[in-house]
Structures are given as structure tokens and as C-alpha cells.
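Open the model in your viewer and keep the sequence panel beside it. The stops below are selections to make one after another.

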Amino acid sequence: ILKTSLKYAEDSLKRESGTKVHHANIQASKAVADIIRTTLGPRSMLKMLLDASGGIVVTNDGNAILRELDLAHPAAKACYSTMLIYLSMIELSRTQDEEVGDGTTSVIVLAGEMLHVAEAFIEKNYHPTVICRAYNKALEDAIAVLDKIAMSIDAKDRATMLGLVKSCIGTKFTSQFGDLIADLAIDATQTVGVDLGQGLREVDIKKYIKVEKVPGGQLEDSKVLKGVMINKDVVAPGKMKRKIVNPRIILLDCPLEYKKGENQTNAELVKEEDWEVLLKMEEEYIESLCLQILKFKPDLVVTEKGVSDLACHYLSKAGVSAIRRVRKTDNNRIAKASGAVIVNRPDELQESDVGTGAGLFEVKKIGDEFFAFIVDCKDPKACTVLLRGASKDLLNEVERNLQDAMSVARNIIKNPKLVPGGGATELTVSATLKQKSSSVEGIEKWPYEAAALAFEAIPRTLAQNCGVNVIRTMTALQGKHANGENAWIGIDGNTGAIADMKERKIWDAYNVKAQTFKTAIEAACMLLRIDDIVSGIKKKQAPGAGQGPSKPKVETEADADGEQILPD
């Protein structure tokens with residue numbers, strides 16, 4: 001009897017300890033969600049942050065906020081376990097931003113709500129695996145609802161694309177500038193899109209779209225260049241041309257100077273004339289390099305490495321302009337825009353490597369700096385977005401918004417399907433899951449139903465940020481969606497009115513919404529299955545303390561509630 005009692009007590013203690021760790025994890029996740037909850041929707045609040053370099057960041061972009069936050073937040077200072085959960089939630093937002101570029105705030109809010117509704121079941125001693133099974137089933141059914149209500153569009157129809165991108169960045173700071181950012185995003189993504197066949201199209205934003213921020217001028221002066229712009233001037237401004245129409249461009253990945261030794265080079269000279277021979281050999285080597293290049297009659301030579309004074313002399317004498325020490329990424333973009341091929345050695349040059357696709361090479365001075373433009377290209381597959389604005393802070397926020405807009409445009413080009421915005425999709429999913437919950441057997445029924453309720457966090461947060469009566473608005477919306485009908489009825493984020501999203505043109509990309517649901521639910525399941533957190537960080541020992549091997553420490557709830565602060 002005594003053995004049985006002790007075993008029962010031990011099991012209860014283990015179960016209680018696991019429950020308390022779950023409780024701490026859920027509280028940490030809710031703290032992160034509450035930080036950025038107010039930044040959801042067009043009437044959202046802005047956050048002012050001090051970044052690592054001492055600059056000020058003013059934004060309502062979920063990923064940007066979490067990226068700039070350090071672990072000095074009170075929620076993260078509680079204990080190691082809270083800090084780790086905090087980092088996991090921040091990682092969610094980063095993943096969402098890399099994958100689809102939008103929905104970074106929604107994914108955190110939804111994941112926080114999923115964990116919040118699971119708390120009641122953890123306290124009732126439901127096993128986390130049961131809750132996760134119910135959540136995964138809810139995710140499958142939610143994606144099925146998305147497929148059902150999604151509307152296909154023609155990605156080549158500019159008006160529809162413009163409406164969609166505008167509605168997706170309508171929550172951002174730049175929405176006040178009208179169609180400007182949406183136009184820039186669509187122009188840039190359509191320029192660099194590459195057909196893969198079978199109706200598929202690849203758009204590589206990171207590689208082939210460069211955003212150049214130049215303070216000064218007005219935001220309306222921003223434009224997408226049909227080519228590339230780099231922050232460089234020609235090597236010899238007085239001797240080389242700064243404007244060439246229809247230039248023949250050669251791109252190199254090698255230096256136009258005599259090859260130097262790896263570290264230290266010793267040369268033994270017997271006669272005095274040998275020194276002159278050595279210098280002549282260097283000159284002849286550089287001259288042969290330049291002759292191999294000049295054989296193809298180029299107008300512009302761009303290299304990633306250096307150009308010596310002698311090479312500069314030979315090139316300028318032949319009327320050829322040269323740009324040196326260009327970044328690898330910029331060189332790749334010039335190649336894509338002008339049709340040139342980057343060559344590693346001048347003796348391997350062929351006529352087909354010369355780029356003839358550019359219409360104009362010009363060096364312009366903007367402010368205090370010189371910029372080289374290779375523009376008016378025939379069929380550019382790379383481009384530069386030139387952003388002008390009053391200050392660096394404004395330009396940084398515009399760039400963040402533009403990246404989101406380009407990501408949305410790319411998503412539509414890759415998968416041209418729309419779902420309703422304004423919380424309408426989440427309400428439809430919630431209503432459908434509530435109906436289906438009656439057919440779910442066993443104890444999974446209750447977590448499944450709770451997951452259905454968690455989806456309502458998005459429209460509820462939108463209503464809160466609009467400043468309307470949340471209870472009345474949510475009750476009215478639930479009534480409209482009661483039977484899974486009226487899938488396009490949602491909240492207009494500007495006025496807080498209940499409206500048809502199709503009429504108001506408030507849409508979301510299917511990819512963004514599907515990724516939001518998947519990331520939020522899968523992350524919630526992962527965090528629910530954590531029952532212990534082992535700290536592997538060594539603590540500083542007091543002088544004269546024992547030198548025995550340190551053991552990993554398993555945190556319990558007593559530690560979580562204690563005043564255990566991370567070391568500075």
C-alpha cells in the first residue's frame with residue numbers, strides 16, 4: 001500500500017510539474033502576442049523602438065518590431081524558459097516573413113490565441129498529444145475551407161493585382177500615399193518574373209530586385225528602373241565617358257592589375273637591368289589583359305576586383321569606361337539586365353559574353369554621391385527600385401512596406417488565388433469548424449471546438465483596433481456566418497463597419513492565409529509538447545567554490561516564479 005501511495009504521489013507531482021511548465025510557456029506566448037496585437041489592421045498603433053545601432057525605428061510591421069526587440073522586455077526577464085518561448089515566437093514571425101512576406105502580426109496573434117485556449121485543457125489534465133491531434137485535424141479542415149472559398153484571378157490583369165496589393169498593404173504606413181507603393185511592387189515583380197513552363201512563374205525578389213534608398217526629393221519621385229543602378233562612379237572621371245548610348249558591356253570577375261603574391265614575395269635580382277625587366281613584364285601582362293578585352297570593342301567594363309592605373313590608362317585611351325570593385329550581387333543584376341555573361345578570365349572572352357541589351361549608361365550625381373545607371377534595357381530580368389524621401393526613417397519604413405507589397409505580388413503571380421480579408425476568412429473557418437466539431441468523436445472534440453473559437457481572435461483584434469464595440473460587432477458577425485454562409489462578410493478596418501469584402505475590395509492572398517494557419521497551429525502544437533526546459537548555460541562560480549562537474553538544471557514552476565534574471 002505504501003509503495004502504491006508513493007508511486008501515485010510521484011506521478012501526481014510529475015504531472016503537476018509538467019502542467020506548470022506548460023502554464024509558464026503559454027503565459028510567455030501570450031505576452032509576445034499582446035506586444036504586437038495593437039499593430040493589426042489599418043487603424044493599428046505604431047511602435048517606436050531603439051535599434052541596436054542607437055537609431056529610432058517607427059513601424060507597425062510585426063516582424064520588424066519583434067526583430068528589433070531585445071530580451072530586456074519584462075516577459076523575457078522572468079526566467080530561461082520564458083526567454084526560450086519568447087525566441088520561438090519571434091522565430092515564427094521571421095519564418096512567415098521569409099516564406100510569404102505578409103501576415104507576420106496575424107501569425108503571432110493566432111498562435112498566442114491557440115495556446116491561450118489550450119490552457120484550460122492542460123489544467124484539466126488533458127494530455128498535450130490529444131490537444132495537438134485535435135489542432136492538426138482543425139488545421140486540415142481549415143485549409144479545406146480556404147480551398148472552398150478561394151477565388152481564382154488573372155495575374156496578368158493589372159487592375160485586379162493593384163487592388164489586391166493595395167488591400168494587403170492598406171494596414172501599413174505607406175497606404176496614405178495611394179497607389180504609389182503598389183505600382184512600384186507590381187512593376188518590379190513583373191519585370192523580374194521568369195517563366196518556368198507549364199504555367200509556372202518564378203520571381204526572385206532577393207536576388208534580382210535591389211531597393212536603393214536616396215534621401216532627398218519627394219516620395220512621388222520614386223520609380224522602378226528598367227535596369228540597374230549602383231552607387232559607383234567611373235574609375236577616371238576626367239578621362240572616361242559618363243554617358244554612353246547603347247553600350248557594349250563586359251562583366252569581369254578578375255582584377256585588371258598585376259597579380260600580387262599571397263603574403264610575401266621575394267625576388268632576387270642579379271643585374272641592375274633585371275629590375276627594369278621585372279617592371280616591363282608587369283606592364284606587358286596588364287597590356288595583354290587590356291588588349292584581350294579591347295578586341296571585343298566594349299564601351300563599358302565592370303569588374304568585381306581592382307583596376308590598376310596602367311589598365312585604366314589603356315582603357316581610357318581606347319575610349320572605354322570602367323567601374324571597379326562592384327559587389328557580386330550587383331554584377332549578377334547587371335548581367336541579368338544587359339544580357340552579358342560574367343567572365344572569370346579575359347582570355348576566355350567570347351562575343352556572346354558581351355552585353356548589348358542596355359539602352360543607356362549614365363553616371364548622375366544625386367546629393368553628394370555619384371550613381372551609375374545602366375537603364376532602358378530591352379528585356380531586363382533584374383531591376384532597381386529607386387526610393388526618394390525626406391528622411392532615412394521614412395525611407396526605411398517605405399522599404400519595409402515595399403518588401404511586403406512585392407512579396408504579395410509574387411505570391412499572386414505564383415498562385416493566383418484570393419480569399420476575403422477583414423477577418424471574414426477566419427470567421428468562415430470558425431463557423432465551419434464549430435459545425436464539424438459535433439461529428440468529432442472522443443475527447444478530441446473539445447480542443448477541436450476551442451481551436452474553432454481561437455480563429456475569432458483575428459476579427460476580434462481588428463474590431464478592438466478600430467475602436468468599435470467589440471461584443472456587438474462580433475455577435476453580429478457570428479450571426480452572419482452562423483451556417484458557414486456569407487463567407488465574404490467581414491470588418492472594414494478603417495471604419496469598423498460590417499461590410500462585404502468583395503465590394504470593398506479587401507482581399508488577402510491565399511498563400512499568405514494558408515501559411516499563417518499552418519505556421520500558427522504547428523508552432524502552438526510544438527510549444528504545447530514542451531514539458532521541461534533544461535538550461536545548459538554555466539553560471540559564474542564564486543571564488544573558492546567547488547570545481548566539480550556542473551549538472552544540467554531542469555526548471556520547475558518554482559524556478560519560473562522565482563526572481564531568476566538572465567545575466568547581463
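Select Lys166 first: this residue is partly exposed, with a relative accessible area of 37%. The model is a predicted one. Now add Asp179, which forms a salt bridge with Lys166, the closest N and O atoms being 2.9 Å apart. Lys166 sits in helix α7 (residues 158-168) and Asp179 in the loop between α7 and α8 (180-192), so the pair ties together parts that are 13 residues apart in sequence. Asp179 is also partly exposed, at a relative accessible area of 29%.

Next, select Glu456 and Lys434, whose side chains meet in a salt bridge (2.7 Å, N to O). Glu456 belongs to the loop between α15 (445-454) and α16, while Lys434 is in helix α14 (residues 424-437), so this pair ties together parts that are 22 residues apart in sequence. Is each partner buried or partly exposed? Glu456 is buried, with a relative accessible area of 6%, whereas Lys434 is partly exposed at 33%.

Now show Lys210, Glu212, Arg327, Asp330 and Arg333 together; salt bridges that share partners join them into one network. Center the view on Asp330, in helix α12 (residues 328-338). Asp330 has a relative accessible area of 5%; the cut-off for buried is under 20%, so Asp330 counts as buried. Leaving out residues up to four places away in sequence, Asp330 touches Lys210 and Ile230.

For a pair that spans more of the sequence panel, select Glu113 and Arg460. Their side chains form a salt bridge (3.1 Å, N to O). The pair links distant parts of the chain, 347 residues apart: Glu113 is in helix α5 (residues 104-123) and Arg460 in helix α16 (residues 457-466). Glu113 is buried, with a relative accessible area of 10%, and Arg460 counts as partly exposed at 24% relative accessibility. Across the whole structure, a search finds 26 salt bridges.

Turn to the nonpolar interior. Select Ile108, Met114, Ile131, Tyr135, Phe455, Phe517 and Leu528: of the 58 residues in the largest nonpolar core, these touch the most other members. Elements giving two or more residues to this core include α1 (2-36), α4 (80-99), α5, α6 (128-149) and α19 (510-528). Color α6 next, as the largest share of the core, 11 residues, comes from α6. Then pick Met114 and display its contacts. Not counting residues up to four places away in sequence, Met114 touches Tyr135, Ala451, Ala454, Phe455, Ile521 and Ala524. A second, separate core has 48 residues, among them Met161, Ala182, Tyr208 and Leu402.

The last stop is helix α11 (residues 309-317). Which of its residues are buried? They are Ala311, Cys312, Leu315 and Ser316. These four lie on the same side of α11, because they cover an arc of only 125° around the axis. Rotate to the other side of α11 to find Asp309 and Lys317, which are exposed. To see what the buried side meets, show α10 (273-294) and β12 (321-323): the buried residues of α11 pack against both elements. Finish with Gly319, just after α11, where phi is positive at about 75°.

Note on methods
Residues are numbered from 1 along each chain as its sequence is written. This is a predicted model: local features need pLDDT of at least 70, side-chain atom pairs count only at pLDDT 80 or more; totals for chains, interfaces and linings use all residues. Side-chain values use heavy atoms; hydrogens and water are left out. Buried means under 20% relative accessible area, exposed over 50%, partly exposed in between (1.4 Å probe, protein chains only). Contact means heavy atoms within 4.5 Å. The arc is that of the directions from the helix axis to the C-beta atoms. A salt bridge is a side-chain nitrogen of Lys or Arg within 4 Å of a carboxyl oxygen of Asp or Glu. A nonpolar core is a set of buried Ala, Val, Leu, Ile, Met, Phe, Trp, Tyr and Cys residues joined through side-chain atoms within 4.5 Å.
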